[in-house]
Amino acid sequence: MIDRRRFLKLPLLSVPALFVRNVTGQSKPEPPQGLKVTGPVVVSTWDSGQTANGAAWLVLSSGGRALDAVEAAGRASEAEPSCCVGLAAYPDRDGRVTLDSCIMDGNGDCGAVSFLERIKHPVSVARRVMENTPHVLLSGEGAQQYAVAQGFPLEPAMLSPDSEKEWKKWLEKSKYKPEINIENRKISQAAPYFFDDGTPNHDTMGTIAMDAKGRLAGMVTTSGMAFKMRGRVGDSPIIGAGLFVDNEAGAATSSGVGEEVIRICGTHTVVEQMCMGRSPEEACREAVRRVVKRDPVKAKELQVGFVAISAKGEIGAFAVQKGFTYSITAGQFLKGRVFAAKSWF
């Protein structure tokens, strides 16, 4: 499995940078105030966003559309074995991998799938929903039937060796056994907000991009929170929660505990704040403030992070806890660059 917090040896910025420590003690540069790029740009959540960005940049650097770029980013992430995205990711508590994804263009077109099983590229299914149906969101068995009808192969119903190993470790620790009405008696068996090594559960892959013509688009793809309750869906496939894009204002995506993002319509909040004149960082901070204000005690025990691009090409991010990182690829950062977001705590 690829370490989602791996340190990437990338070229130094040409401007001074402060350094902070993420949850694994690795140094990440804090972006200069008011970071702005010219020309096409792609931004993804986490260090592992470098994979997504690389695929998107192949499209953007050749003059392609932002929508095509973010789909390429999602497919690259879904094909890369990891804990958190694609069929090789950690399962729900019953040992089944279910995937969520959405995609959105800057003109308001959008599509999504949730609780999707045995389909390798949910981001592409989400785009088919957007372009070929009158709907925005398909879920579960219906989403799978639609994907197969659209020519997506049905993959084997099996766990990757690594995810099976981690799932069995979790079962042993939690003593979980599927039982009727178990939620009424064993609340402690809920999915953890953080893994034992301190990394957050869950590292959603969110990507937002601007192309050479200034068009914006975004996508999110994830397997959802590891060891979640069967049927649980977070913010990732919900337009206005895990992703929102508006060509006139900007684009935003999120990662972390999806329930908290849903409760404040997180990415819609960020984009609306940019529409009212706030910078991307200020807009992300306002969304985080609302998460913290809703339940200050609970907020100290979870992670939520937002990252955004304004229609002017400004980039910013903010998180509840230290450790949220994001990757930028643009003309100024051709080999990609990982930054650490500022945080509330």
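**Exercise 1. In the hairpin of β11 and β12, find which residue takes a positive phi, and work out how the two strands pair.**

Solution. Start with the turn: 4 residues sit between the strands of this hairpin, and G313 takes a positive phi near 90°. Helices and strands here are DSSP runs, H or I of at least four residues for helices and E of at least two for strands, numbered from the N terminus. Keep in mind that this is a predicted model, where local features need pLDDT of at least 70, side-chain atom pairs count only at pLDDT 80 or more, and totals for chains, interfaces and linings use all residues. Residues are numbered from 1 along each chain as its sequence is written, and side-chain values use heavy atoms, with hydrogens and water left out.

Next, the pairing (two strands pair if DSSP finds at least two bridges between them). Strand β11 (residues 304-310) and β12 run antiparallel, joined by 5 bridges. For a pair to click on, take F306, which stands opposite F318 in β12.

**Exercise 2. Place β12 in its sheet and say which strands stand at the edges.**

Solution. First, the background: strands of a sheet pair through backbone hydrogen bonds, either parallel or antiparallel. Now look at the other partner, β15 (residues 342-343), which pairs with β12 in the parallel sense over 2 bridges. Here A319 stands opposite S343.

Then put the strands in order: β9-β10-β11-β12-β15, an open sheet of 5 strands with mixed pairing. The edges are β9 (243-246) and β15; each has a single partner strand, so one side of each lacks a neighbour in the sheet.

**Exercise 3. Are the residues of β12 buried or exposed, and which way do they point?**

Solution. Use relative accessible area with a 1.4 Å probe and protein chains only: buried is under 20%, exposed is over 50%, and partly exposed lies in between. Strand β12 (residues 315-319) has 5 of its 5 residues buried. Now split them by direction: I315, A317 and A319 point one way, G316 and F318 the other way, and all are buried.

**Exercise 4. Find the disulfide and give its handedness.**

Solution. The cut-off is a pair of cysteine sulfur atoms within 2.5 Å. Searching the whole structure turns up 1 disulfide. The partners are C83 and C84, with sulfur atoms 2.1 Å apart. The angle about the S-S bond is -50°, and the link is left-handed. Both ends are covered: C83 is buried at 6% relative accessibility, and C84 is buried at 0%.

What about C102? That residue is in no disulfide, and the nearest cysteine sulfur, that of C110, is 8.2 Å away. C102 is buried too, at 0%.

**Exercise 5. Characterise the second largest pocket and locate M158, one of the residues closest to its centre.**

Solution. Here's the recipe: on a 1 Å grid over the protein atoms alone, a pocket is an open set of points with protein on both sides within 12 Å along at least five of seven lines, a cavity is a set where a 1.4 Å probe fits but cannot get out, and lining residues have an atom within 4 Å of a point. Grid points are joined across faces, edges and corners, and a volume is the space filled by probe spheres set on the points.

The second largest pocket comes out at about 390 Å³. Of its 20 lining residues, L87, A88, P156, M158 and L159 are the closest to its centre. By class, the lining has 10 nonpolar, 3 polar and 7 charged residues. Nonpolar covers Ala, Val, Leu, Ile, Met, Phe, Trp, Tyr, Cys and Pro; charged covers Asp, Glu, Lys and Arg; the others, Gly among them, are polar.

Now zoom in on M158, in the loop between α4 (140-149) and α5 (161-174). M158 is exposed, with a relative accessible area of 60%. R96 is 62 residues from M158 in sequence, yet their C-alpha atoms are 7.9 Å apart.

**Exercise 6. Classify the ring pair of W46 and F324.**

Solution. Rings of Phe, Tyr and Trp (its six-membered ring) pair if their centres lie within 6.5 Å; planes under 30 degrees apart are stacked, over 60 edge-to-face, and the rest tilted. By this rule there are 5 aromatic pairs. For W46 and F324 the centres are 5.1 Å apart and the planes at 90°, so this pair is edge-to-face. The two residues are 278 residues apart in the chain, and both are buried.
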